[in-house]
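Dear colleague,

Please find the structure below, together with its sequence. My notes on the strands, the helices and the confidence of the model follow it.

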Amino acid sequence: MSRLRGSVTIDDVARHVGVAKGTVSRVLNNYTDISENTRKRILKAVQELGYQPSATARNLKRGRQDTLGIVIPVGHGNGADPFLAEFIDGIARALDELGLDLLVTTAHSREHLITTLKRLIARRKVDGFIVTRTEVDDPRIAYLMEQKFPFVAHGRTGDPSSYAWFDIDNETTFADGVRHLYSLGHERIGFLGGSLDLNFARQRRDGYRQGLEALGLAHDQNLETLQAISEKGGFKGAETLLSLDAPPTALLCATDALAIGAVQFCRKLGLQAGSDVTVIGYDGLPVGEYLDPPLTTFSQSAQEAGGRVARMLIDVLDGKSPQSLQALAKAKLIRRASDGAPSMTSEALALALRNRLNQQPLSGSKGE
């Protein structure tokens, strides 16, 4: 009897027979270390359920490791990166549908990134790499192109012409963010960003500046601060900007993690994000919906992005031209409660902050 023909997965077959997914995979790929009885049961289930391995999966089986790799650079921020966690989950889900594996490891320096790539390639651990958190001049991409080893980048470098990548239009998104804040009545708009070695951080900073220029708003270098991409960095960045003599009434943050830290700083001083100070993030992380107040953010689904780059890398492994696999997507503004019209002028906000800092000084605060 046939059911769910065309949608049955290798997991369905494994559950039906009561064996591990790897056992089904080995039978389908003619390994000889499976008992004859188990082999017959699996092949019978395959026929009954109507399981049909995808052409992509069959191609990946031809002399490959069935494993893709991602080497995560650490050191740009403190603690876990919630976007990367969602992103990796998206990769793993996409690969699991094909019975493939994901190897995840980290590197603590630019040199360690390259030595890790070299080791994994030399030991034939992976068939290709997903490169994320791309830098303007990224040594990983230069090395992989030199070695002609398959990869796809999530993000771009300064010259993205020769390899496969998927990215968000960061400049347009942050210019739109400035326009949105201006439409609410904000003219002192602060930017809380990350290290400009990271290409997405540079693009978002540039988009912020482009938005100011398009509206005829003067660029004030004091309204920009670059921090570690983490909640701690967001807290410190908000403290830096809101402690100015003429503070911004709105904070446009390069990531949700930075925005969450900024909201925490506002709360520490008894300010309400969305009414006293507007805070907008970027990433669309699920946690943002459950903050107090819920976070307004530009949304790109990290999980969907992970799945998309995984499938792009499979296309590269199947022989498609990397230059034909380049995609730029748009982020969507998700309005919640952390943005709104300014309730105070910059001058009134500065006075309120000075009074509150005098009442409740923060360690290291300029208001002490």
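**Helix packing**

The helices α10 and α11 cross in the right-handed sense; a crossing is right-handed if the near helix is turned clockwise from the far one by less than a right angle, and left-handed if anticlockwise. Helices (H or I, at least four residues) and strands (E, at least two) are DSSP runs, numbered from the N terminus. Please note that this is a predicted model, in which local features need pLDDT of at least 70 and side-chain atom pairs count only at pLDDT 80 or more, while totals for chains, interfaces and linings use all residues. Residues are numbered from 1 along each chain as its sequence is written, and side-chain values use heavy atoms, with hydrogens and water left out.

Two packed helices are described by the angle between their axes and the distance between the axes. Axes here are lines fitted to C-alpha atoms, for helices over the stretch in contact, and angles run from 0 to 180 degrees between N-to-C directions. For α10 (residues 231-242) and α11 (residues 256-268), the axes come within 6 Å and cross at roughly 55 degrees. α10 is therefore oblique to α11, given that angles under 35 degrees count as roughly parallel, over 145 as roughly antiparallel, 65 to 115 as roughly perpendicular and the rest as oblique. On the α10 side, the residues in contact (heavy atoms within 4.5 Å) are Glu231, Gly233, Gly234, Phe235, Ala238, Glu239 and Leu242. Their partners in α11 include Ala257, Ile260, Gly261, Phe265 and Lys268. By class, this contact of α10 with α11 comprises nine nonpolar, four polar and three charged residues; Ala, Val, Leu, Ile, Met, Phe, Trp, Tyr, Cys and Pro count as nonpolar, Asp, Glu, Lys and Arg as charged, and the others, Gly among them, as polar.

A second pair consists of α5 (residues 82-96) and α12 (residues 302-317), whose axes lie 6 Å apart at an angle of about 45 degrees. That angle makes α5 oblique to α12, and their crossing is right-handed. Among the α5 residues in this contact are Phe83, Phe87, Ile91 and Arg93, which meet a set in α12 including Ala302, Gly306, Val309 and Ile314. The contact of α5 with α12 has ten nonpolar, four polar and four charged residues.

Towards the N terminus, α1 (residues 10-17) packs with α2 (residues 21-28) at about 105 degrees, the axes being 8 Å apart. The two helices α1 and α2 are therefore roughly perpendicular to each other. Ile10, Asp11, Val13 and Ala14 of α1 make this contact with Lys21, Val24, Ser25 and Leu28 of α2.

**The two sheets**

One open sheet has six strands in the order β2-β1-β3-β4-β5-β11, with parallel pairing; two strands pair if DSSP finds at least two bridges between them. Its edge strands, each pairing on one side only, are β2 (101-107) and β11 (326-329). From one strand to the next, the twist averages 15 degrees. Helix α6 (residues 110-122) packs on this sheet, where α6 touches β1 (67-73), β2 and β3 (128-132) and makes about 150 degrees with the direction of β2. Strands β4 (residues 151-154) and β5 (residues 165-168) run parallel and are joined by two bridges, and His154 stands opposite Phe166 in β5.

Another open sheet of six strands follows the order β7-β6-β8-β9-β10-β12, and its pairing is mixed. Here β7 (224-226) and β12 (332-334) are the edge strands, each paired on one side only. Helix α9 (residues 199-215) packs on this sheet and touches β6 (189-193), β7, β8 (250-253) and β9, at about 170 degrees to the direction of β6. α10 lies across β6, β7 and β8, running at about 150 degrees to β6. β9 (residues 278-283) pairs with β10 (residues 296-299) in the parallel sense over four bridges, and Tyr282 stands opposite Phe298 in β10.

**Backbone details and confidence**

The loop between β9 and β10 contains Pro293, and the peptide bond from Asp292 to Pro293 is cis, with omega near 0 degrees. Asp66, in the loop between α4 (55-60) and β1, has phi near 60 degrees, a positive value in a residue other than glycine.

The mean pLDDT (the predictor's confidence in each residue, from 0 to 100) is 90, and 92% of the residues reach 70 or more. Over residues 1-6 the pLDDT is below 50, and over residues 364-368 pLDDT stays under 50. Where pLDDT is low, the predicted coordinates should not be read in detail.

Yours sincerely
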